[in-house]
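Welcome, and thank you for opening the viewer. Please keep the selection tool at hand, as each stop asks you to pick something out.

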Amino acid sequence: MSLHFPNAIRSYNSAHNDITFWGHDTALEITFVLELPALQFMRGDESTDEQELIHTFDQNVNLIHATAKRVYEKKKGGFHRLSADDF
């Protein structure tokens, strides 16, 4: 089975201004952290407002999950940090 995202849970980390979300590859849980510059790139501005960033994540969830799958396939592991360069 390949990486999939069975739930829509995501968590905003105000200390780092990033969003953590999780995927699963069979029984393995994979943690992804989406960095602030990647979210700002998607927004087209430099907002650091939590609600705006969560909204941006939700609007771009298909792109984010596709990117996470591509990054995961290159190097499988339990943790991945997604930057603006990944998009």
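Here is a short tour, going from the whole chain to single side chains.

**Before you start**

This is a predicted model, in which local features need pLDDT of at least 70 and side-chain atom pairs count only at pLDDT 80 or more, while totals for chains, interfaces and linings use all residues. Residues are numbered from 1 along each chain as its sequence is written, and side-chain values use heavy atoms, leaving out hydrogens and water.

**Stop 1: the whole chain**

Show the chain as a cartoon and you will meet three helices and four strands. Helices (H or I, at least four residues) and strands (E, at least two) are DSSP runs, numbered from the N terminus. Walking from the N terminus, you pass the elements in the order β-β-β-α-α-α-β. The radius of gyration of the chain is 12 Å, close to the 12 Å that the globule rule gives for 87 residues, so the chain is as compact as a globular protein of that length. That radius is taken over C-alpha atoms, and the globule rule is 2.2 Å times the number of residues to the power 0.38.

Turn the C-alpha trace around: along its principal axes, the trace spans about 35 × 25 × 20 Å. Now switch on the surface. The accessible surface comes to about 5,100 Å², and 49% of that belongs to carbon and sulfur atoms; such areas come from the Shrake-Rupley method with a 1.4 Å probe, and for residues only the protein chains shown count as cover.

How much of the chain do buried residues make up? They make up 39% of the 87 residues. Buried means under 20% relative accessible area, exposed over 50%, and partly exposed in between (1.4 Å probe, protein chains only).

**Stop 2: a histidine in α3**

Select H65, which sits in helix α3 (residues 61-74). H65 counts as buried because its relative accessibility is 18%. Which residues does H65 touch, not counting residues up to four places away in sequence? Look for F5 and F21; contact here means heavy atoms within 4.5 Å.

**Stop 3: salt bridges**

Next, bring up the charged side chains. A salt bridge is a side-chain nitrogen of Lys or Arg within 4 Å of a carboxyl oxygen of Asp or Glu, and by this rule the count comes to seven salt bridges.

Start with E35 and R81, whose side chains meet in a salt bridge (3.9 Å, N to O). This pair links distant parts of the chain: E35 lies in the loop between β3 (28-34) and α1 (36-43), and R81 lies in strand β4 (residues 79-82), 46 residues apart. E35 is partly exposed at a relative accessible area of 22%, and R81 is partly exposed at 43%. Add D18 to the selection, since D18, E35 and R81 are linked in a network of salt bridges.

Move on to R43 and E52, which form a salt bridge of 3.1 Å, N to O. R43 counts as partly exposed at 28% relative accessibility, and E52 is partly exposed at 33%.

Then pick K76 and E73, joined by a salt bridge of 3.9 Å, N to O. E73 is partly exposed, with a relative accessible area of 44%.

**Last stop: the end of α2**

Select Q59, found in helix α2 (residues 50-59). Is Q59 buried or exposed? Q59 is exposed, with a relative accessible area of 56%. To finish, draw a distance from the C-alpha atom of Q59 to that of M42: the two are separated by 9.5 Å and lie 17 residues apart along the chain.
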